[in-house]
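Trainee: I have a new structure open. Can you show me how to read it?
Mentor: Let us look at it together.

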Amino acid sequence: MGDWKTITVPVLSSDSKTTSPYTSEKRISLPSMNSQVLRLPLPSSRSMHSFFSVFCTEENIEQSVSYLNRELTTLGFPSIYAESKGKELNLISIINCMNELLALQHKNLRAQEEVEMQHLKLGSDMDHLQNCYAKLKEQLELSKREIVGLQERDRQLQSKNRNLHQLLKNEKDEVQKLQNIISSRATQYNHDMKRKEREYNKLKERLHQLVMNKKDKKIAMEVLNYVGRADGKRGAWRTDKTEARNEEEMYKVLLSDYEQRQKQLLMENAELKKVLQQMKKEIISLLPPQKQKPKERSEDGPVLSDLEEDLGELSKENMWELSCETVREQLTNSIRKQWRMLKNHVEKLDNQVSRVYSGPLNEKDVISREDHELETEKLELEIQQCKEMIKTQQQLLQQQLMSPCDDDTALLLQDCYLLEERERLQEEWRLFQEQKKNFEKERSSFTEAAIRLGLERKAFEEDRGAWLKQQFLSMSTDCKNSENMTTSSAFLGSSDQDTWLVKSTSQQRKAHCMLSGPVSAEPCQNSQYITHNSFSVASKKPSGDSKPNQWVESDKEETE
Amino acid sequence: ASCVQYRLVVRDANTLQILQLYTCLDQIQYMEWSSDSLFILCAMYKRGIVQVWSLEQPDWHCKIDEGSAGLVASCWSPDGRHILNTTEFHLRITVWSLCTKSVSYIKYPKACQQGIAFTKDGRYMAVAERRDCKDFISIFVCSDWQLLRHFDAETQDLFGIEWAPNGCVLAAWDTCLEYKILLYSLDGRLLSTYQAYEWSLGIKSISWSPSSQFLAIGSYDEKVRILNHVTWKKITEFEHPATIVNTRTIVYKEVEKSPSAETERLSFPPTRALASSLFSTQSKYDISQMPVSLQYVKPVADRANPKMGIGMLAFSADNCFLATKNDNIPNAVWIWDIQKLKLVVVLEQLCAIQSFQWDPRQPRLALCTGNSKVYLWSPAGCVSVQVPVEGDFQIVSLSWHSSGDSMVLRSKDNFCVCYLEREEV
């Protein structure tokens with residue numbers, strides 16, 4: 001509580017008479033606000049002013065204040081009087097009370113609004129429910145009517161059905177009657193027929209007797225001469241033996257026919273069994289590869305082992321070609337089992353496939369669509385870029401094409417290109433010609449070298465021949481074969497060369513070469529040697545020793 | 001061989017050259033070659049005489065006189081040395097032997113359509129008998145005419161018997177008032193009976209397949225039932241409806257080609273060729289579109305032997321096809337595939353079909369409808385061939401040569417031989 005200030009309550013002209021009803025109203029209004037919910041918020045502000053005017057006047061200030069205090073205290077608010085004195089007003093408390101009253105008012109307004117909303121909602125719900133109820137009632141009535149109609153129809157149909165059944169029964173009875181009539185008539189006819197036939201037979205017998213009795217000589221056969229039997233046999237008497245033989249033959253015929261049929265059936269049977277076995281094997285082979293899927297294969301695991309056992313058993317048994325019932329049944333049962341399994345498996349696969357197809361298809365569609373769009377955008381960009389490039393290039397081309405409108409520049413340009421090419425060609429030509437000259441030089445040098453080599457070779461060979469002669473003369477005392485060797489062919493000479501080469505030195509090799517040279521002196525070989533050596537000469541001119549080595553090698557090559 | 005009144009003319013089959021000419025005592029009613037083609041028998045029913053001629057020795061002659069016993073039917077035995085004569089009123093069957101001049105009698109033969117049946121190999125003969133109003137079947141050995149088996153047939157009124165081509169099964173069927181077919185084995189045991197239905201008119205015709213696997217039974221209810229030889233149970237039924245709806249069957253319809261005679265060229269008097277071409281219209285086959293409705297004839301209900309039901313049945317020689325004719329639809333021949341057991345082709349003709357016969361070598365069917373055309377069908381197609389004869393030549397029946405190269409077309413007074421070219425392979 002702070003300092004109190006006197007409130008200058010605005011004096012409004014009001015009648016004191018009206019205060020009582022207003023106060024009474026106020027009393028009513030404050031504790032019970034439910035009744036006048038709608039009207040209170042707006043007019044409250046207005047009535048507040050009129051309130052003041054009516055409620056509190058100059059005369060009854062104290063009364064009104066005390067009244068207010070009473071009311072507020074009863075409502076739980078602190079007293080608006082100051083604690084110390086009775087008639088002094090506590091402004092702070094008054095303000096607090098006012099504030100609290102205002103807050104209360106706001107709260108109440110809000111609550112009022114909420115309640116109004118709820119009320120509205122409930123009202124609409126009510127309407128809705130009422131509508132639903134009305135509709136349902138209508139539907140119920142309709143369905144009741146329908147049921148009644150259907151029941152009627154049902155009754156009619158049942159009665160029709162009964163009628164038809166009755167008709168059917170009647171028809172059946174009639175049919176039965178007619179059949180009975182027919183059968184009775186048939187028996188009657190048969191009886192009559194038999195009677196007539198007996199009469200007829202009697203007549204026939206009579207006639208037969210007459211005919212036989214007449215002993216007509218006319219009944220005869222005239223034959224010029226007897227005809228031989230078709231198969232050339234003579235006629236045989238009819239005896240018991242022949243009877244027995246005939247019976248035998250007949251039975252033989254029958255038996256052969258039956259045997260044939262049985263053979264055919266056995267063959268068919270065997271073939272069918274084979275086919276069944278094959279089918280079984282194929283079915284078994286189809287099933288195990290799918291053992292990877294644990295879900296479906298859990299059942300087949302133990303069964304497969306059984307099947308394999310069966311297969312083993314049956315294959316053993318069929319080896320003996322038993323056709324007893326048990327084997328047959330086993331085979332057929334096992335095949336049926338497997339076929340069922342295969343069928344189930346195929347059905348499962350089909351389901352899976354359909355699911356798989358439907359699943360990823362959707363995802364794929366979705367993904368691909370996005371990707372597709374992105375890609376299409378990219379492609380479009382690329383296309384645009386390419387188009388621009390093409391345009392620029394076209395422009396450049398055009399420029400290029402257009403620009404040599406000046407003949408001079410064009411010609412110059414052309415000339416430039418041509419000149420370049422010409423110069424290039426000329427350089428190449430020069431190079432080519434130089435190379436040509438070089439080759440010719442080399443060739444001439446080679447030929448000179450070859451000539452020289454030829455001369456040197458001749459000299460060399462002469463020396464060699466002389467040396468060898470000396471050798472052989474010295475060796476001739478030891479063995480006579482050496483003389484033969486001189487006349488031997490180049491091949492032997494070469495073999496000698498081999499043996500001699502192993503032992504002798506390079507000079508000896510020279511001698512061998514000298515020997516073999518004249519022995520197998522053919523110009524072509526020499527020329528070959530020359531060709532071989534020309535290159536070697538060109539490469540190794542200074543090395544004289546290498547010549548014979550290479551000659552020897554080439555010789556070896558020749559002979560080999 | 002052909003007989004003209006009382007003369008027997010024997011011609012060569014390839015050249016139609018007259019080889020022999022024989023004269024008989026009376027008008028010949030029936031003529032048959034012996035199985036070895038050495039003899040021909042000519043039966044004159046009125047006089048009761050059978051004359052036999054030999055081809056090897058034209059001078060040889062033989063005459064069998066039945067005298068007052070009369071003659072109703074005559075036929076050769078399979079060995080070609082015996083003649084079986086059926087006397088009048090079916091009193092007895094006399095077996096005359098040409099080798100021994102001996103006579104045997106078979107008593108009480110049955111007066112039915114197919115009372116005598118020989119097996120294909122000619123060893124056995126089955127004869128239908130009737131004693132005391134009961135049917136019996138006797139089986140004889142043809143070599144010495146010894147009675148092998150005699151058993152009673154459980155039929156009311158046996159109508160016919162027929163051996164299976166393998167000679168081991170004999171089919172006996174009852175009169176058309178009762179649908180019943182009995183199958184007996186060679187030794188007389190009853191193997192099976194088959195009855196499709198009661199009371200209605202029953203079996204009209206039957207036919208064995210050449211391999212003895214199937215027995216086709218044509219009945220008055222326009223259906224063909226096929227029994228198999230293992231269980232003697234029906235394996236399938238072929239229906240002959242008037243409307244064909246199945247799109248897999250081909251319907252060949254004979255269509256008249258209007259003669260392409262140019263009116264300007266007509267001259268008086270019209271030339272023979274033109275006249276014949278005017279009168280004999282060309283015809284060809286057209287494939288009809290499904291559904292096809294055939295001409296259905298409902299016979300008069302109060303007459304006996306009505307023209308309804310399956311009247312003709314024939315298996316092809318290779319056992320692949322079955323040709324049937326439904327007498328209710330007299331213009332159509334139905335060809336069924338036996339391997340697939342379904343209808344393959346229907347040939348619809350302009351006139352009623354008189355007869356048809358399969359080629360003994362190939363699956364080729366020849367049929368005639370009473371006009372001067374012969375129609376041929378094979379799985380490759382069908383063709384209508386005009387007989388190039390001046391005037392009318394109404395083909396009543398035809399029969400193939402055993403080699404399948406030619407066939408004889410018979411009309412009332414004439415016959416002609418049609419040669420078929422063999423395809424060069």
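**Reading the contact between two chains**

Mentor: Start with charge. Between chain B and chain A the count is three salt bridges. Keep in mind that this is a predicted model.

Trainee: What lets side chains pair in this way?

Mentor: Side chains of opposite charge can pair when their charged atoms come close. Here is one case: B:R149 and A:E247 form a salt bridge through their side chains, at 2.6 Å from N to O.

Trainee: How many residue pairs are in polar contact between chain B and chain A?

Mentor: The count is 12 residue pairs, both residues at pLDDT 80 or more.

Trainee: Which strands of chain B each supply at least two residues of the side that touches chain A?

Mentor: They are β7 (61–65), β10 (92–97), β13 (124–131) and β15 (146–152) of chain B. With five residues, β7(B) gives the most to that side. Sorted by class, the side of chain B that touches chain A has 21 nonpolar, 14 polar and 15 charged residues.

Trainee: How many salt bridges does a search of the whole structure find?

Mentor: Over all chains, the search finds 25. Another one is between the side chains of B:R123 and A:E249, 4.0 Å from N to O. B:R123 sits in the loop between β12 (116–118) and β13 of chain B, and A:E249 in helix α5 (residues 240–286) of chain A, so this pair joins two chains.

Trainee: How much area do chain B and chain A bury between them?

Mentor: About 4600 Å², with 57% of it on carbon and sulfur atoms. On the chain B side, B:C133, B:Q146 and B:W199 lose the most area to chain A, together 14% of what that side buries. As for residues, chain B brings 50 to the contact and chain A brings 44.

Trainee: What does the record say about coiled coil in chain A?

Mentor: The unreviewed UniProt entry annotates a "coiled-coil region" over residues 126–213, 255–282 and 369–396 of chain A. Now check one stretch against the model. Residues 255–282 of chain A are 100% helix and 0% strand, and the end C-alpha atoms lie 40 Å apart.

Trainee: And strands? How do their side chains point?

Mentor: In a regular strand the side chains alternate between the two faces of the sheet. Take β4 (residues 30–33) and β5 (residues 39–44) of chain B, which pair in the antiparallel sense over four bridges. B:W33 stands opposite B:I40 in β5(B).

Trainee: Which residue of that hairpin takes a positive phi?

Mentor: B:S37, with a phi near 60°. The hairpin of β4(B) and β5(B) has five residues between its strands.

Technical notes. Residues are numbered from 1 along each chain as its sequence is written. Chains are lettered from A and ligands numbered from 1 in the order in which they are written. This is a predicted model: local features need pLDDT of at least 70, side-chain atom pairs count only at pLDDT 80 or more; totals for chains, interfaces and linings use all residues. Side-chain values use heavy atoms; hydrogens and water are left out. UniProt positions are given in the numbering used here, feature names are shortened, and annotations may be inferred rather than shown by experiment. Two strands pair if DSSP finds at least two bridges between them. Contact means heavy atoms within 4.5 Å. Buried area is the accessible area (1.4 Å probe) that two parts lose on being put together, summed over both. A polar contact is a pair of N or O atoms within 3.5 Å; within protein, one must be able to donate a hydrogen and the other to accept it, and residues adjacent in sequence count only if both atoms are side-chain atoms. Ala, Val, Leu, Ile, Met, Phe, Trp, Tyr, Cys and Pro count as nonpolar, Asp, Glu, Lys and Arg as charged, and the others, Gly among them, as polar.
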